[in-house]
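Thanks for sharing this one. Here are some notes to read with the model open beside you.

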Amino acid sequence: MAASRENLALGLLRCCTIVAAESAQIFYSRNTFRFEGEHEYYPVITWLDKLDRNRDYLAKLEITVRRPSIAWQLPDGSRHKISHSKTRGLASHHPYLAAPLGPYEEGEVDIVDPAIETIISLLAKHEHSDRQRRMTLCLDAGYYNIPGIELFEFEDTSLFSLDLPNLVDIWRRQYFWDPEALKIIWKTEGELDIFNEKRHLIEGVGWNIVHAQEGEYIYNSHGAFGPPHEEKVIPSMQLSMIRDEIVGPIRAAGPSPYTHWHHSPFED
């Protein structure tokens with residue numbers, strides 16, 4: 001936003017080497033850098049890569065996280081592109097996620113974008129033990145889009161599994177010699193009544209709610225659940241969450257429980 005930049009003396013970053021270095025440290029350590037928009041992480045990678053050693057000063061990064069792309073898993077464990085999915089290629093089962101104890105089940109599964117691992121690895125470069133960073137992963141607001149739990153059941157539903165948050169925590173521990181140097185916060189917002197009713201389910205799949213604040217948001221039905229473009233002001237709860245510590249082997253999530261609602265499995 002222009003308003004958030006109007007008081008920044010960015011010209012100092014183009015001064016002599018000494019002034020520019022001191023200014024960069026203040027600039028990157030005292031501001032929050034936010035990336036919003038579509039399901040695309042590569043602009044974040046490009047930006048982090050160009051920062052080079054200035055990444056060491058980066059303290060707060062916020063990224064909008066969309067529900068992962070999906071693929072159709074067959075009983076032999078192979079995956080195929082679904083006709084309506086935006087999947088870019090198909091990632092095999094991640095080596096950090098253990099196979100199921102029994103046979104693979106058929107159905108829709110998440111494809112975790114490897115770009116997210118690249119982002120975490122870049123944040124770990126030039127790591128200083130005395131500097132803590134915070135990466136906030138913002139989930140879609142307006143309803144609770146929480147990995148591992150589906151609070152609404154519609155015909156186009158496909159469960160946002162725990163594969164992504166589990167891998168994010170594994171990558172944090174893998175790339176940072178001190179995992180506490182990177183604090184990962186997940187944020188979302190949804191209806192207050194739904195939160196009060198379902199909080200035990202959220203916590204039951206390993207989410208530790210560190211902050212909850214009441215608010216409100218404007219919901220536009222677009223004709224889906226009411227008159228066209230009907231707007232409602234709905235009381236909400238804004239959540240900040242962290243993952244509970246992972247103990248033992250982490251198994252890849254099974255197919256979405258709503259797979260049976262979908263009738264166009266995959267492209268040949």
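**Notes on the predicted model**

1. Let me start with helix 6, which bends by about 65° at Lys198. Please keep in mind throughout that this is a predicted model, so the bend, like everything below, is a computed feature of that prediction.

2. How far apart are the end C-alpha atoms of helix 6? They are 18 Å apart. Helix 6 covers residues 192-204, and at 1.5 Å a residue its 13 residues should span 18 Å, so the expected span and the model agree. It is worth viewing this beside the bend of about 65° at Lys198.

3. The burial pattern of helix 6 comes next. Leu192, Ile194, Phe195 and Ile202 are buried in this helix. As a reminder, residues three or four places apart in an α-helix point the same way, because there are 3.6 residues a turn. Leu201 also lies in helix 6. Is Leu201 buried or partly exposed? Its relative accessible area is 35%, and buried means under 20%, so Leu201 counts as partly exposed. From C-alpha to C-alpha, Leu201 is 9.5 Å from Glu150, although 51 residues separate the two in sequence.

4. Just after helix 6, please look at Gly206, where the backbone takes a positive phi of about 95°.

5. Now to the open sheet. Three strands make it up, in the order 4-3-5, and their pairing is antiparallel. Why do strands 4 and 5 each have a side without a neighbour in the sheet? Strand 4 (79-81) and strand 5 (107-111) stand at the edges, and each has a single partner strand, so one side of each is left free of a neighbour there. From one strand to the next, the twist averages 50°.

6. Within that sheet, strand 3 (residues 69-73) runs antiparallel to strand 4, and three bridges join them. A useful place to find this pairing on screen is Trp72, which stands opposite His80 in strand 4.

7. Strand 2 (residues 60-64) deserves its own point. How many of its five residues are buried? Four are, which leaves the strand mostly covered. Strand 2 pairs in the parallel sense with strand 1 (residues 32-35) over four bridges, and Thr32 has Lys60 of strand 2 as its bridge partner. Strand 2 also runs parallel to strand 6 (residues 133-138), to which five bridges join it. For that pairing, look at Thr64, whose bridge partner in strand 6 is Cys138.

8. Helix 3 (residues 42-51) includes Leu51. With a relative accessible area of 7%, Leu51 falls under the 20% cut-off and is therefore buried. Its C-alpha lies 9.9 Å from that of Tyr28, and the two residues are 23 apart in sequence.

9. Finally, the cavities. A search of the whole structure finds three of 30 Å³ or more, and the largest holds about 60 Å³ of space. Which residues lie nearest the centre of the largest cavity? They are Glu108, Asp110, Leu159, Gly254 and Ser256, out of 12 lining residues. Strand 5 gives the largest share of that lining, with three residues. This brings us back to the open sheet, where strand 5 stands at an edge.

Methods
Residues are numbered from 1 along each chain as its sequence is written. This is a predicted model: local features need pLDDT of at least 70, side-chain atom pairs count only at pLDDT 80 or more; totals for chains, interfaces and linings use all residues. Side-chain values use heavy atoms; hydrogens and water are left out. Helices (H or I, at least four residues) and strands (E, at least two) are DSSP runs, numbered from the N terminus. The expected span of a helix is 1.5 Å times one less than its number of residues. The bend at a residue is the angle between axes fitted to the seven residues ending there and the seven starting there. Buried means under 20% relative accessible area, exposed over 50%, partly exposed in between (1.4 Å probe, protein chains only). Two strands pair if DSSP finds at least two bridges between them. Axes are lines fitted to C-alpha atoms, for helices over the stretch in contact, and angles run from 0 to 180 degrees between N-to-C directions. On a 1 Å grid over the protein atoms alone, a cavity is a set of points where a 1.4 Å probe fits but cannot get out, and a pocket is an open set with protein on both sides within 12 Å along at least five of seven lines; lining residues have an atom within 4 Å of a point. Grid points are joined across faces, edges and corners, and a volume is the space filled by probe spheres set on the points.
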